[in-house]
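Thanks for sharing this one with me. Here are my notes, point by point, for you to follow alongside the coordinates.

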Amino acid sequence: MIEVLKTKSQLTPEEKNQLKKVSEQAARREKITWLMREQELVDTNIAIRTALQTKNPDTEQCVSLLQCLLRSEEVDPLMVVKQPTIIQTVRLLRGYQGPADLGQLEEKERERTKRNVRNINSMAETIYKKIVAKFNFKETATNKFQDHLNSEVKAFDLATAGLRPNQKLALTKFPTTAA
């Protein structure tokens, strides 16, 4: 009886192979999901910059995009290191003043734009703080997050110096050693 139980508890080579394949597929799916989230972040960054072009900025669209970004809890520090323009955009939005020709708008449109600009500033500040928190970084007057991020980007670039650009973009984890 005990011998029968022992043989049933041991996996056959075929079962081990099947489990290995399932594990590899799960890892592949996880990597693809991570890379798709990163692509969404990049697309959102581009859409925000496009919405706030110098001539005729669409503050409504920017507010909508920032709301999506705020709802997203899935921004990984590596995504920001690989795509540092994201933090540049957020930093710029924290001080966004709105369109230069605000005085030429009708009163109702002007008030709506001013409200949107305040919302953009506020949401950008919140997003910035969320990103800084993801890095477990405490910003002080002498210890700026941008300096920390720049050093992270440099370390990433050094660790991936031997990789082709597409290999670098495919990473979903910080490299541990130089490639």
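1. A word on exposure before anything else: a residue is called buried under 20% relative accessible area, exposed over 50%, and partly exposed in between, using a 1.4 Å probe and protein chains only. By that scale Asn150 is partly exposed, because its relative accessibility is 35%. Asn150 is found in helix H7, where helices (H or I, at least four residues) and strands (E, at least two) are DSSP runs numbered from the N terminus. The C-alpha atoms of Asn150 and Met123 are separated by 23 Å, with their positions 27 residues apart along the chain.

2. Some ground rules for reading on. This is a predicted model, in which local features need pLDDT of at least 70 and side-chain atom pairs count only at pLDDT 80 or more, while totals for chains, interfaces and linings use all residues. Residues are numbered from 1 along each chain as its sequence is written, and side-chain values use heavy atoms, with hydrogens and water left out.

3. Helix H6 (residues 107-134) is a good place to start. How far apart should the ends of H6 be, and how far apart are they? The expected span of a helix is 1.5 Å times one less than its number of residues. For the 28 residues of H6 that gives 40 Å, and the end C-alpha atoms are 41 Å apart, so the two agree.

4. Which residues of H6 are buried? They are Arg110, Thr113, Asn116, Val117, Ile120, Met123, Ala124, Ile127, Tyr128, Ile131 and Val132. An α-helix has 3.6 residues a turn, so residues three or four places apart point the same way. The buried residues of H6 pack against helix H3 (59-71), helix H4 (77-82), H5 and helix H7 (145-159), with contact meaning heavy atoms within 4.5 Å.

5. Glu125 also sits in helix H6, but Glu125 counts as partly exposed because its relative accessibility is 25%. The C-alpha atoms of Glu125 and Leu163 are separated by 35 Å, and the two residues are 38 apart along the chain.

6. Now the empty space. On a 1 Å grid over the protein atoms alone, a cavity is a set of points where a 1.4 Å probe fits but cannot get out, and lining residues have an atom within 4 Å of a point. Grid points are joined across faces, edges and corners, and a volume is the space filled by probe spheres set on the points. The structure holds 2 cavities of 30 Å³ or more.

7. The largest cavity has about 80 Å³ of space. Its lining is made of Leu41, Leu69, Ser72, Val75, Ile86, Ile127, Lys130, Ile131 and Lys134, and helix H6 supplies the largest share, 4 residues. Sorted by class, the lining has 6 nonpolar, 1 polar and 2 charged residues; here Ala, Val, Leu, Ile, Met, Phe, Trp, Tyr, Cys and Pro count as nonpolar, Asp, Glu, Lys and Arg as charged, and the others, Gly among them, as polar.

8. The second largest cavity has about 50 Å³ of space. Around it are Leu41, Thr44, Asn45, Ile48, Leu69, Ile86, Thr89 and Val90. Helix H2 (13-51) and helix H5 (85-94) are the elements that give two or more residues to this lining, and H2 gives the most, with 4 residues. The classes here are 5 nonpolar, 3 polar and no charged residues.

9. How many disulfides does a search of the whole structure find? The count is 0, a disulfide being a pair of cysteine sulfur atoms within 2.5 Å. The sulfur of Cys62 is 11 Å from the closest cysteine sulfur, in Cys68, which is too far for a bond. Cys62 is buried, with a relative accessible area of 0%, whereas Cys68 counts as partly exposed at 40%.

10. Two asparagines deserve a look at their backbone. Most residues other than glycine have a negative phi. Asn56, in the loop between H2 and H3, has a positive phi of about 55 degrees although it is not a glycine. Asn136 follows H6 and lies in the loop between H6 and H7; its phi is positive too, near 55 degrees. Asn56 is exposed at 67% relative accessibility, and Asn136 is exposed at 72%.

11. Lastly, Asp76 is in the loop between H3 and H4 and is partly exposed, with a relative accessible area of 25%. Asp76 and Phe135 are 59 residues apart in sequence and 8.8 Å apart in space, C-alpha to C-alpha.

How values were computed
On a 1 Å grid over the protein atoms alone, a cavity is a set of points where a 1.4 Å probe fits but cannot get out, and a pocket is an open set with protein on both sides within 12 Å along at least five of seven lines; lining residues have an atom within 4 Å of a point.
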